Amino acid sequence: MSPTMILGRVALPAAGLLIAGWLLIRAFGGADADPRWKALPASLSANAGGDPSPSPPATAPDTTRILAEGHVAARPGAEIVVGAEMAGTVARVLVQEKSAVRAGDLLVEFRGAEIKAAAEEAVAKVSEIDAELAGIEREQARVDKLPEKQPGRDEAKDRLRTRREATRARRAGAVAAYRRIESEFARTKIHAPIDGTVIARHVDAGETVSLGAPLLKIADLNRLRIVAEIDEYDIPRCAPGCAVAITAPGHAGRSWRGTVEDIADFLTPRRIRPDDPGRLTDTRVLAVRIGFDPLTPLKLGQRVEVAITESAGASATPGPILPPTTTPRVGRGSSDRSERH
């Protein structure tokens, strides 16, 4: 065997074993051994002896409160989308976002020159018919002065009566046409339906819109509430009058008080996804309406988290109500067969 082969097959493996043994001695038995390696066997031996170190006690979940997500919403009638009552071109918009308005204030005005001209034409038509009626009345007065035996007097009176009735009918039609045009002209001016604040503006002067297109959104920011979604298993624990603690993102360390005002009568799919990944998202929920102080700095549409204090008459352990177990009835014949066996 050549010296090179002896070096590769014997000397190098022997040197590797010596280095590995030296490293083991340094790790576990040396004076300057790594303390992490020294502590490992001790901990393993302690656990093997059946005396593990005590773990901190687990924190019990708070079962006296119902945690849910919700959002700030306007009360019924406190948020209205103002739409176009006619198709046309916007002449001017008199409000901006955040403008405070009162019911009846002029908000938007459409171009109505053609409608105004049609209204003036209808007024002239009514005036013309009134003049015709005045002429008929004068002619009727002259006929009435004729002697009763005057030939053709009765025929003249019948003709005047017929003309008067026809003219009055035409006047009624002209007045109806004027009122229709007047109503159409009134739709060129959009007024505020409620007191509130303009929270959205969708059009500008010069834009052409279709019938029903949204123009503005007005909300009464003093008439807000919270609509929260509670799981169906928490329904027995919640009732009107329960106290609520409200928190919101961006307001760290702050909370506000509220009260459950109303609870919906039907379940709906969940619309607000919980921030906690451990909570189910495919369950059905019940809408709970919560009142709070209008001076609270919460914004319309803002997401909030609520903690509803469990009602006094609720069960301490929430969960589904299971039907009672039914014990199967055993017939006489089967009992006899079991006894014989």
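Author: A pocket, in the sense used below, is an open set of grid points with protein on both sides within 12 Å along at least five of seven lines, and its volume is the space filled by probe spheres set on the points. The model discussed here is predicted.

Reader: With that definition in hand, what is the volume of the second largest pocket?

Author: The lining of this pocket includes I199 and L221 as well as a run of names from T296 through P297, L298 and K299 to L300. For the second largest pocket, the computed volume is about 240 Å³.

Reader: How do the residues of that lining divide into nonpolar, polar and charged?

Author: Among the lining residues are L224, F292 and P294, together with T296 and K299. Because Leu, Phe and Pro count as nonpolar and Lys as charged, while residues such as Thr fall among the others and count as polar, each of the three classes is represented in the lining, which divides into eight nonpolar, one polar and one charged.

Reader: Turning to the whole protein, how many helices and strands are there, and what share of the residues is buried?

Author: The protein contains five helices and 14 strands. Its accessible surface comes to about 22,900 Å², with 56% belonging to carbon and sulfur atoms. Of the 341 residues, the buried share is 30%.

Reader: Which strand holds I230, and is I230 buried or exposed?

Author: I230 lies in strand β10, which spans residues 224-231. Beyond its neighbours within four places in sequence, I230 is in contact with residues including I66, A68, V285, L286 and I308. Since the relative accessibility of I230 is 1%, I230 counts as buried.

Reader: What distance separates the C-alpha atoms of I230 and R270?

Author: R270 is of interest here as a member of a network of salt bridges that also links E69 and D231. Along the chain, I230 and R270 are 40 residues apart, and their C-alpha atoms are separated by 9.1 Å.

Reader: How many salt bridges does the structure hold, and which strands does the pair K217 and E79 link?

Author: Side chains of opposite charge can pair when their charged atoms come close. The structure holds 18 salt bridges, and in one of them the side chains of K217 and E79 meet at 3.7 Å, N to O. These partners are 138 residues apart, K217 lying in strand β9 and E79 in strand β2.

Reader: Is E109, the salt-bridge partner of R92, buried or exposed?

Author: R92 and E109 form a salt bridge whose closest N and O atoms are 2.6 Å apart, and the pair links strand β3, which holds R92, to strand β5, which holds E109. R92 has a relative accessibility of 42% and therefore counts as partly exposed. For E109 the relative accessibility is 16%, so this residue counts as buried.

Reader: R102 and D195 also meet in a salt bridge; where in the chain does each of them lie?

Author: The side chains of R102 and D195 meet at 3.5 Å, N to O. With a relative accessible area of 56%, R102 is exposed, whereas D195, at 32%, is partly exposed. The two residues are 93 residues apart, with R102 in the loop between β4 and β5 and D195 in the loop between β6 and β7.

Definitions and conventions
Residues are numbered from 1 along each chain as its sequence is written. This is a predicted model: local features need pLDDT of at least 70, side-chain atom pairs count only at pLDDT 80 or more; totals for chains, interfaces and linings use all residues. Side-chain values use heavy atoms; hydrogens and water are left out. Helices (H or I, at least four residues) and strands (E, at least two) are DSSP runs, numbered from the N terminus. Buried means under 20% relative accessible area, exposed over 50%, partly exposed in between (1.4 Å probe, protein chains only). Accessible areas come from the Shrake-Rupley method with a 1.4 Å probe; for residues, only the protein chains shown count as cover. A salt bridge is a side-chain nitrogen of Lys or Arg within 4 Å of a carboxyl oxygen of Asp or Glu. On a 1 Å grid over the protein atoms alone, a cavity is a set of points where a 1.4 Å probe fits but cannot get out, and a pocket is an open set with protein on both sides within 12 Å along at least five of seven lines; lining residues have an atom within 4 Å of a point. Contact means heavy atoms within 4.5 Å.
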